[in-house]
Amino acid sequence: MSITNFRSADAVSDKATAGAQTVTPKVTFQTLQEKKQAGRPITALTAYDYATARLVDEAGVDLTLVGDSLAMVVMGYDSTLPVTMEEMLHHTRAVRRAVKHAIMVADMPFGSYHVSASEGVANAARFVKEAGAEAVKVEGGAARCELVQRLTEAEIPVVCHLGLTPQAIHRMGGYKVQGKTLAAAEELARDARMLEAAGASMIVLEGMPREVASIITSQLHIPTIGIGAGPDCDGQILVFHDLVNLSFSRPAKFVRQYGDAAALFRNAIEGYVHDVEERSFPDDAESYHVSREVTDALKAPEAGESLRASSKAHLVRKA
Ligand code: KIV
């Protein structure tokens with residue numbers, strides 16, 4: 001196959017505007033690595049559908065994660081555990097259609113990589129092949145090293161996830177900050193170094209003391225992305241629904257809400273219900289029209305007859 005007519009991997013011109021062409025560079029793991037080295041913060045956000053993924057991408061976010069948090073914020077489960085491979089693939093495809101600039105990572109759901117590394121690689125390949133993911137994310141420490149190595153050998157970049165790992169909710173006994181003792185902090189740092197050595201492209205650090213995340217970040221060559229891990233990580237990620245107040249739950253300490261989509265949507269929906277009930281929606285300008293002649297002809301008594309006749313003939317033909 002010829003590679004001469006491939007679109008440049010370095011640039012997408014979907015943001016091109018007539019006259020002044022703005023070319024948005026496509027983000028790769030190399031870009032993120034360079035950002036770490038230059039001390040420039042990496043931005044990351046979750047997305048689960050076409051519309052929100054477009055907004056995230058058009059805002060210039062570096063990394064879009066189709067997180068398994070969709071189990072909670074989109075599907076209404078009380079943990080991330082029930083979401084399936086098929087559901088994750090479905091949402092990843094929708095996000096893929098929207099994301100042109102960011103690097104797109106798909107979260108591997110609980111159970112899809114826990115039985116064996118071979119099954120993990122096979123499931124990860126589905127995200128790349130069937131849904132267009134550029135990398136997958138897996139939760140867990142040193143126990144994931146074999147999987148990370150196998151994925152790397154299979155040319156599938158891996159993002160790891162350490163600290164408060166929601167798929168381990170039952171082992172952790174709830175969503176609790178991890179790495180608070182010296183031993184626990186040392187274990188997290190050791191796990192991070194082992195995952196990097198196994199081939200991880202990046203590590204998400206969730207729910208751990210700022211000091212621990214800071215030390216891990218300084219010890220690694222690959223970037224870290226924090227969520228509830230303080231400001232010293234190489235970048236930050238939040239769940240989209242938390243950012244815009246659509247989670248229907250008390251925000252965690254680390255969440256900063258940048259908008260109130262719940263209020264915006266509620267207001268719009270209530271306005272719509274009000275207008276329909278009042279018969280003020282739709283109005284005449286929101287309706288289609290025929291010409292005055294057709295209107296007059298329709299009003300004539302013979303028109304009523306001919307309409308009745310033609311609808312009767314239509315029904316006979318259908319039978
Ligand atoms: O599923 C998710 O949204 C995540 C992020 C919180 C990192 O794993």
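Where does Phe248 lie? Phe248 sits in the loop between helix H10 (240-243) and H11. Helices (H or I, at least four residues) and strands (E, at least two) are DSSP runs, numbered from the N terminus.

This is a predicted model: local features need pLDDT of at least 70, side-chain atom pairs count only at pLDDT 80 or more, and totals for chains, interfaces and linings use all residues. Residues are numbered from 1 along each chain as its sequence is written.

## Overview

The protein chain holds 13 helices and 10 strands. Of its 319 residues, 35% are buried. A residue is buried if 20 or more other C-beta atoms lie within 10 Å of its own, exposed if 12 or fewer, and partly exposed in between; C-beta atoms are placed from the backbone. Two residues are in contact if their C-beta atoms, placed from the backbone, lie within 7 Å. Among contacts in the protein chain with a separation of 6 or more, 55% are accounted for by residues 24 or more positions apart.

## The barrel

Eight strands close into a barrel. Their order is S3-S4-S5-S6-S7-S8-S9-S10, and the pairing is parallel. Neighbouring strands of this sheet are turned by 25° against each other on average, direction ignored. Axes here are lines fitted to C-alpha atoms, for helices over the stretch in contact, and angles run from 0 to 180 degrees between N-to-C directions.

Two strands pair if DSSP finds at least two bridges between them. The table follows three pairings.

| Strand pair | Sense | Bridges | Opposite residues |
|---|---|---|---|
| S6 (residues 135-139) and S7 (residues 158-163) | parallel | four bridges | Val136 and Val158 |
| S7 and S8 | parallel | five bridges | Leu162 and Leu205 |
| S8 and S9 (residues 224-227) | parallel | four bridges | Glu206 and Ile227 |

S6 and S7 also place Glu139 opposite His161. Helix H6 (residues 145-153) packs on the sheet and touches S6 and S7. The direction of H6 makes about 165° with that of S7.

S7 is mostly covered, with six of its six residues buried. What about strand S8 (residues 202-206): how many of its residues are buried? Five of the five are, so S8 is largely enclosed by the rest of the structure. In a regular strand the side chains alternate between the two faces of the sheet. In S8, Met202, Val204 and Glu206 point one way. Ile203 and Leu205 point the other way.

## The core

A nonpolar core is a set of buried Ala, Val, Leu, Ile, Met, Phe, Trp, Tyr and Cys residues joined through C-beta atoms within 7 Å. The largest one has 66 residues. Those with the most contacts inside it are Leu63, Val105, Val136, Val158, Cys160, Ile203 and Leu205.

Take Val136. Not counting residues up to four places away in sequence, Val136 touches Val105, Ala106, Met108, Ala124, Phe127, Leu151, Ile156 and Val158.

## Around the ligand

A residue is near a molecule or strand if its C-beta atom, placed from the backbone, lies within 6 Å of it. The residues around the ligand are Thr46, Leu65, Gly67, Asp68, Ser69, Asp107, His161, Val204, Glu206, Ile227, Ile237 and Val239. This shell divides into five nonpolar, four polar and three charged residues. Here Ala, Val, Leu, Ile, Met, Phe, Trp, Tyr, Cys and Pro count as nonpolar, Asp, Glu, Lys and Arg as charged, and the others, Gly among them, as polar.

## Helix H5

Ala117 belongs to helix H5 (residues 117-131). Ala117 is partly exposed, because 16 other C-beta atoms lie within 10 Å. Not counting residues up to four places away in sequence, Ala117 touches Glu146, Leu147 and Arg150. Ala117 and Arg144 are 27 residues apart in sequence and 8.5 Å apart in space, C-alpha to C-alpha.

## Backbone details in the loops

Most residues other than glycine have a negative phi, and most peptide bonds are trans. Phe248 has a positive phi, near 55°. Phe248 counts as exposed because it has 10 C-beta neighbours inside 10 Å. Phe248 and Val73 are 175 residues apart in sequence, yet 8.3 Å apart in space, C-alpha to C-alpha.

Arg279 lies in the loop between H11 and H12. Phi of Arg279 is positive too, near 60°. Arg279 is exposed, with 8 other C-beta atoms within 10 Å.

Pro282 lies in the loop between helix H11 (261-277) and helix H12 (292-299). The peptide bond from Phe281 to Pro282 is cis, with omega near -10°.
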